[in-house]
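Here are some exercises to work through with the model open beside you. Try each task before you read its solution.

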Amino acid sequence: AEASKSALKKARKLFDAEQRKAKGKAAAAAADKSASAGGGGSGGGADGADGADVVIKLDESLPAPQTIKIRDAARTRDVRVLVRGWVHRVRRQGKKMTFVVLRDGTGFLQCVLQGDLSRCALTQALTVESTVALWGVVNELPAGKTAPDGHEMSCDYVELIGAAPAVDVLNQDANVDVQLDQRHLVLRGETLPAVLKLRSVATQCFRDHFFANGYFEITPPTLVQTQVEGGSTLFALDYFGEEAFLTQSSQLYLETALPSMGDVFCIAQSYRAEKSRTRRHLAEFTHVEAECPFIDFEELCTRIENLVCDVSERLLRSPHAHLLDQLNPGFKVPERPFLRMDYVDGIAWLREHGYKKDDGTFYEVGEDIPEKPERFMTDTIGRPILFRKFPAEIKSFYMPRCKDDPRMTESVDCLMPNVGEIVGGSMRIHDPEELMRGYEREGIDPAPYYWFTDQRKYGAAPHGGYGLGLERLLAWLLGRDHVRDVTIYPRYIGRCRP
C-alpha cells in the first residue's frame with residue numbers, strides 16, 4: 001500500500017534529523033580540532049579547500065581590548081573590545097565573510113568576520129549555541145543597513161570556548177510537550193527571555209508600589225498545617241511524622257503581622273493541587289498578597305484597582321518598556337475606575353445575554369460562575385471588572401457577610417479581558433464568634449488555627465486583603481494565551497519536568 005502523507009512527512013523529518021546529527025558531529029569535531037590548534041584572528045593563509053591550513057593569531061600590536069557586555073556596545077563604539085557569548089545565528093557569504101549574531105543575555109550583537117578569520121576551520125565549523133570570545137571594534141552602521149542597535153562589530157580575533165552540535169532539537173512544528181521538555185533550550189530563543197525579563201521587572205514594580213505606599217514585606221512559611229482555599233487542592237506531605245501541606249496562600253500569616261507592622265505584603269510561591277488543564281491554572285504559581293488593617297470594603301476595591309494600574313504604569317516607565325511593546329504592541333493602562341458589578345447582577349447579565357450551562361439552563365443565584373461564562377462576560381464587556389459580593393456558600397470560611405444582605409460576602413474578584421480573574425480578595429472576619437461559625441460551616445477543625453483565631457481575641461480590628469496571581473497578570477499584560485507562557489518551568493497536572 002502507498003504510504004500516507006503524514007507517514008512520509010514523519011519519515012522525512014527523521015531522515016533530516018539524522019542528516020543534521022551527522023553534520024553536527026563532523027562540525028563539532030572540526031571545531032574541536034581547530035580550538036586545540038589555537039584560537040583565531042588575523043594571520044597568513046591562502047584560500048584552502050576547508051580552511052584547515054589557515055592559521056590565525058591574536059595580534060598583540062593592537063590596543064588591549066576593553067571587556068564589555070553587549071548592552072554596553074553602543075557607548076564603546078570605535079574602541080577595541082572583547083565580548084563573550086553564545087552564537088545566536090550564523091550566516092556565511094562563501095568563505096570570505098561570516099556574520100555571527102552574538103547573544104549574552106544583555107542583548108544581541110552582529111559580528112563580522114572577514115578574510116582568514118572567516119576562512120579558518122573554527123569559523124567554518126561554527127554552530128548555533130556555541131560559546132565564543134570575539135575581539136574587535138564596534139562601528140555604527142551606515143544608512144540603509146540594519147542590525148541590532150544599529151551597529152556591528154568588525155572582528156580581528158575569535159576563540160572557541162565551547163562547541164555545540166549542529167542539531168536542531170526544536171523547530172516550528174514541535175508540539176507543546178516537546179517544547180516544554182526542551183524548555184532549557186527554548187529559553188535561548190527571543191520571545192521567552194523577553195517575557196521572563198519583563199516578569200522580573202514587573203515583580204520589582206510590585207515591590208516599588210508597595211514600598212511607595214508604606215507596606216512592609218513579609219517572608220511567610222510555605223510548609224503549613226492549615227488550609228486557606230479548601231482541602232481538595234492541598235498538596236500533603238509527611239513533615240517529620242506530622243501531616244503538613246504546601247501553602248495555598250500566605251494570607252493567614254500576613255494577618256498576624258498587622259498589629260505590629262500595619263500594611264504588609266509578600267511575593268511568594270503558592271501551590272494548588274488543581275486537576276484543571278485550563279490556560280489559567282498552574283499547580284505552582286507566584287502569589288502577590290497583601291493585608292491591610294482598618295480599611296472598609298470600598299477602600300479594598302480601590303486598592304486592588306490602584307495596584308493593577310500603578311504596576312502597569314511603572315512597567316511602561318521602566319528602561320525595559322520596549323520589550324512590552326515588542327510582545328504586546330499598543331498596550332495601554334486601563335482606565336479607572338474599573339466597572340463594579342455585583343454577583344447577582346452578573347447572574348442577571350448572563351441571563352440577559354442568553355448564556356446557558358451545558359445542560360441548557362441558566363445560572364442561578366447561589367451557583368459558582370466557572371471560567372467559561374466569566375470569560376464570556378469579561379471579554380464581551382471589554383474592560384476590567386471588579387466582580388463583587390459572592391454568596392457565602394461558595395466562598396472561604398474567613399469572609400464576612402454583607403451587612404445589607406447576609407447571604408452575600410464582602411468579597412471581590414478582579415476580572416481582566418482575555419484572561420478572566422487575576423485577583424481575589426475580601427474583607428476578613430474579625431468577630432471571633434462569626435469566625436467559629438465559618439469553621440463549622442466548612443467542617444474545619446479550629447484547633448490548628450488557634451494562632452489565627454487569637455487575632456480576633458487580642459484586639460480585633462476590621463481588615464481586608466487580596467491575592468494576585470503574577471502569571472495571570474503577566475498573561476494579560478503581555479498578551480500571552482496561556483499562563484505557562486510566562487513561567488520559566490511551568491508545573492501543572494502531568495508536568496513536573498525538567
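## Exercise 1: Backbone oddities

D149 is exposed, since its relative accessible area is 54% and the cut-off for exposed is over 50%. This is a predicted model, so please read every value here as computed from predicted coordinates.

**Task.** Find where D149 sits and what sign its phi has.

**Solution.** Start with the place: D149 is in the loop between β5 and β6 (151–162). Next, look at the backbone: phi of D149 is near 65°, a positive value in a residue other than glycine. E129 gives a second case, with a positive phi near 80°. E129 lies in the loop between α3 (121–124) and β5 (131–140). These angles deserve a look because most residues other than glycine have a negative phi.

**Task.** Which residues does a cis peptide bond join, with omega about 0°? Which does one join with omega about -5°?

**Solution.** For omega of about 0°, go to R336 and P337, which are joined by a cis peptide bond. P337 belongs to the loop between α9 (321–327) and β13 (339–342). For omega of about -5°, the cis bond is the one joining R497 and P498. P498 is in the segment after α14. As background, most peptide bonds are trans.

## Exercise 2: The chain as a whole

**Task.** How many helices and strands does the protein chain have, and what share of its residues is buried?

**Solution.** Begin with the elements: the chain has 14 helices and 17 strands. Then turn to burial: of its 498 residues, 48% are buried. Finally, consider contacts between residues at least 6 apart in sequence: 66% of them join residues at least 24 apart.

## Exercise 3: Two helix pairs

**Task.** Work out how helix α12 (residues 432–442) is oriented relative to helix α13 (residues 450–457).

**Solution.** First take the geometry: the two axes come within 9 Å and cross at roughly 150°. Angles over 145 degrees count as roughly antiparallel, so α12 is roughly antiparallel to α13. Now list the contact: α12 brings P432, L435, M436 and Y439, while α13 brings F452, T453 and R456. Sorted by class, the residues of this contact are five nonpolar, one polar and one charged.

**Task.** Do the same for helix α10 (residues 343–352) and helix α11 (residues 371–381).

**Solution.** Here the axes come within 11 Å and cross at roughly 80°. Because 65 to 115 degrees counts as roughly perpendicular, α10 and α11 are roughly perpendicular to each other. G346, W349 and L350 of α10 make the contact with P373, F376, M377, T380 and I381 of α11. This contact holds six nonpolar and two polar residues, and no charged ones.

## Exercise 4: The largest pocket

**Task.** Which residues are closest to the centre of the largest pocket, and which element gives the most to its lining?

**Solution.** Start with the volume, which is about 1200 Å³. Of the 48 lining residues, E229, R272, E274, K395 and E421 are the closest to the centre. Next, look at the elements: β12 (284–293), α11, β16 (420–428), β17 (463–469) and α14 (470–478) each supply at least two lining residues. β16 gives the most, with six. By class, the lining divides into 17 nonpolar, 15 polar and 16 charged residues.

**Task.** Stay with strand β16 and select V423. Is V423 buried or exposed?

**Solution.** V423 has a relative accessibility of 1%, so it counts as buried. Its contacts beyond four places in sequence are I304, V412, D413, C414, Y466, G467 and L468. V423 and V308 are 115 residues apart in sequence, yet their C-alpha atoms are 9.4 Å apart in space.

## Exercise 5: Enclosed spaces

**Task.** How many cavities of 30 Å³ or more are there, and what lines the largest cavity?

**Solution.** A search of the whole structure gives two. The largest holds about 50 Å³. Its lining is R279, R280, R375, N418, V419, A475, R480, D481, H482 and V483, with three nonpolar, two polar and five charged residues. The second largest has a volume of about 40 Å³. Its lining includes V224, T226 and Y253, and it has four nonpolar, five polar and no charged residues.

Definitions and conventions: Residues are numbered from 1 along each chain as its sequence is written. This is a predicted model: local features need pLDDT of at least 70, side-chain atom pairs count only at pLDDT 80 or more; totals for chains, interfaces and linings use all residues. Side-chain values use heavy atoms; hydrogens and water are left out. On a 1 Å grid over the protein atoms alone, a cavity is a set of points where a 1.4 Å probe fits but cannot get out, and a pocket is an open set with protein on both sides within 12 Å along at least five of seven lines; lining residues have an atom within 4 Å of a point. Grid points are joined across faces, edges and corners, and a volume is the space filled by probe spheres set on the points. Ala, Val, Leu, Ile, Met, Phe, Trp, Tyr, Cys and Pro count as nonpolar, Asp, Glu, Lys and Arg as charged, and the others, Gly among them, as polar. Axes are lines fitted to C-alpha atoms, for helices over the stretch in contact, and angles run from 0 to 180 degrees between N-to-C directions. Helices (H or I, at least four residues) and strands (E, at least two) are DSSP runs, numbered from the N terminus. Angles under 35 degrees count as roughly parallel, over 145 as roughly antiparallel, 65 to 115 as roughly perpendicular and the rest as oblique. Contact means heavy atoms within 4.5 Å. Buried means under 20% relative accessible area, exposed over 50%, partly exposed in between (1.4 Å probe, protein chains only).
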